[in-house]
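Here are some exercises to work through with the model open in your viewer. Try each task before you read its solution.

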Amino acid sequence: LELTSALKETVGTRQPAIHHSRGWWRDWPVTMNQVLVVGQVAMSLLILVAAGLFVRTLSNLESINLGFNRNNVLLFDVNARQSGHRDPEISEFYFRLREQLAAIPGIRSASLARGTLISGEDQRPISVAGAPPDPANRYFIIGPYFLSTMQIPILAGRDIDEHDRPGSLPVAVINEQFAKKNFAGQNPLGRHLILWDDDKPARDMEIVGVAKNAQYGSLKREIPPLIYIPFNQGTPILPNEMTFALRTTGDPLAYVNPVREIVHRADSRLPISKVRTQKLEVEDGMREETVLAQLCTAFAILALTIASVGLYGTISSSVARRTGEIGIRIALGAQRGPVLWMILREVLLLAGAGLAISIPMVLGTSKFLQSFLFQMKPNDPLALGAAVMVLIAAALLAGCVPSVRAAHIDPMTALRHE
């Protein structure tokens with residue numbers, strides 16, 4: 001009789017809480033908390049999707065087949081013209097310096113180029129003999145054995161070597177893309193190319209080799225039709241600063257001091273600059289994507305944490321306010337499973353409301369990230385799906401503790417609390 005009387009009294013005093021769903025305006029602070037939590041969930045999804053897109057972009061860049069071996073290559077720049085070397089002696093100076101560097105113990109091969117495969121962007125008109133110049137074509141000025149130094153396979157013919165010097169037959173090596181575009185189904189070896197300067201033919205070159213495609217220019221760009229040209233056979237752009245590439249048997253940076261000694265011995269006035277490894281240069285080419293991925297991931301974790309704390313606080317407050325109601329439900333025979341689901345359902349409703357708001361926003365705004373992405377679409381289903389799953393998992397985790405606590409409320413304790 002006493003228990004029945006207490007239950008009736010409790011039900012009568014807690015009626016607004018039991019029918020809270022029909023009278024949400026009676027508890028404005030809780031409603032505002034719920035609105036804030038929904039907003040936090042919506043914002044979290046936006047940042048999670050952005051983080052997913054940038055992380056996948058970085059992953060796509062890191063998995064690119066560069067076409068050359070980035071490991072164990074030391075790069076450094078030398079500008080002999082600054083120390084007084086002039087044409088045509090400057091080309092011979094670079095040629096001899098390459099030979100001296102190649103003789104250093106531990107150097108497997110040495111070459112040089114006007115820039116690097118990642119930074120090179122020479123764009124003078126070049127064409128197959130008898131055809132007009134094609135602006136899509138690119139050329140790269142290199143020294144002897146550059147392709148073998150970078151471990152770019154030769155598919156037909158040969159590499160540029162030490163015999164390709166002033167006075168010898170001007171030659172060139174083309175990549176697969178150039179061969180496919182201009183000599184589909186034909187043998188390109190022995191054919192001729194024309195390098196143009198101010199709308200006039202400046203150099204006639206015979207194709208002596210076909211190299212496998214290798215990345216040239218920005219990592220995000222497709223490999224262009226590319227021609228490799230010896231630096232010392234009369235290019236329109238004279239070789240001022242050249243980048244030397246040394247393939248080593250160990251850590252490339254361990255060879256910096258021997259390299260400095262060789263260069264100083266060749267010309268004591270000549271410094272070397274921009275010492276780095278090829279691997280580091282490739283990583284620098286992804287620096288923007290790396291920073292974006294790291295920043296967005298950090299903000300996504302922060303936003304997810306804030307949303308999870310907000311959900312936890314809101315649900316814990318709700319459980320505390322409904323302690324009497326839940327105790328009565330259990331006293332009247334409610335199983336712990338349905339009670340647990342009742343609380344988790346509130347968590348999922350809040351999370352679902354946030355997702356319903358943010359998913360259309362994601363689909364509408366992600367297109368503005370297109371210029372930052374690589375080999376993927378802005379509305380990437382994998383990034384969106386992963387973000388939604390992470391957010392739902394975080395929401396359930398945040399609501400798990402108060403839900404379990406509600407399911408284990410002791411009816412008598414709840415009645416004393418009332």
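The exercises below use a predicted model, and each solution goes step by step.

**Exercise 1. Cysteines**

Find out how many disulfides the structure holds, and classify cysteine 296 and cysteine 400 by exposure.

Solution.
- Step 1: Recall what you're looking for. A disulfide is a covalent bond between the sulfur atoms of two cysteines.
- Step 2: Count them. The structure holds 0 disulfides.
- Step 3: Check cysteine 296. Its relative accessibility is 16%, and the cut-off for buried is under 20%, so cysteine 296 is buried.
- Step 4: Check cysteine 400. With a relative accessible area of 36%, cysteine 400 is partly exposed.

**Exercise 2. A salt bridge across the sequence**

Work out which parts of the chain are tied together by the pair glutamate 289 and lysine 220.

Solution.
- Step 1: Start from the general idea. Side chains of opposite charge can pair when their charged atoms come close.
- Step 2: Look at the distance. Glutamate 289 and lysine 220 form a salt bridge, with 2.8 Å from N to O.
- Step 3: Place both ends. Glutamate 289 belongs to helix H9 (residues 287-321), while lysine 220 sits in the loop between strand E8 (200-211) and strand E9 (226-230), so the bridge ties together parts that are 69 residues apart in sequence.
- Step 4: Add exposure. Glutamate 289 is buried at 7% relative accessible area, whereas lysine 220 is partly exposed at 25%.

**Exercise 3. More charged pairs**

Give the closest N and O distance for aspartate 267 with arginine 269 and for arginine 287 with aspartate 284, then say how exposed each partner is.

Solution.
- Step 1: Get the total. Searching the whole structure turns up 11 salt bridges.
- Step 2: Take aspartate 267 and arginine 269. Their closest N and O atoms are 3.1 Å apart. Aspartate 267 is buried at 6% relative accessibility, but arginine 269 is exposed at 54%.
- Step 3: Take arginine 287 and aspartate 284. Here the closest N and O atoms lie 2.4 Å apart. Arginine 287 is partly exposed at 49%, and aspartate 284 is partly exposed at 36%.
- Step 4: Look for shared partners. Asp77, Lys274, Arg276 and Glu281 are joined into one network by salt bridges that share partners.

**Exercise 4. Two buried polar residues**

Locate threonine 57 and asparagine 232, and list what each one touches, leaving out residues up to four places away in sequence.

Solution.
- Step 1: Threonine 57 is in helix H3 (residues 28-62), and at 0% relative accessibility it counts as buried.
- Step 2: Beyond its sequence neighbours, threonine 57 touches Glu289, Phe372, Leu373, Phe374 and Met376. You've already met one of these contacts: Glu289 is the salt-bridge partner of lysine 220.
- Step 3: Asparagine 232 is in the loop between E9 and strand E10 (241-248), and it is buried at 7%.
- Step 4: With the sequence neighbours left out again, asparagine 232 touches Ser91, Phe95, Asp164, Arg165 and Pro166.

**Exercise 5. A nonpolar patch**

Identify the residues of the surface patch that includes valine 291, and give their accessible area together.

Solution.
- Step 1: Place valine 291. This residue lies in helix H9.
- Step 2: Check its exposure. Valine 291 is partly exposed at 38% relative accessibility, and the patch cut-off is over 30%, so valine 291 passes.
- Step 3: Collect the members. Val291, Leu295, Phe299, Leu302 and Ile306 form the nonpolar patch, and together they have about 450 Å² of accessible area.

Conventions:
Residues are numbered from 1 along each chain as its sequence is written. This is a predicted model: local features need pLDDT of at least 70, side-chain atom pairs count only at pLDDT 80 or more; totals for chains, interfaces and linings use all residues. Side-chain values use heavy atoms; hydrogens and water are left out. A disulfide is a pair of cysteine sulfur atoms within 2.5 Å. Buried means under 20% relative accessible area, exposed over 50%, partly exposed in between (1.4 Å probe, protein chains only). A salt bridge is a side-chain nitrogen of Lys or Arg within 4 Å of a carboxyl oxygen of Asp or Glu. Helices (H or I, at least four residues) and strands (E, at least two) are DSSP runs, numbered from the N terminus. Contact means heavy atoms within 4.5 Å. Patches are made of residues with over 30% relative accessible area and no salt bridge: like charges are joined within 9 Å, nonpolar side chains (Val, Leu, Ile, Met, Phe, Trp, Tyr) within 5 Å. Accessible areas come from the Shrake-Rupley method with a 1.4 Å probe; for residues, only the protein chains shown count as cover.
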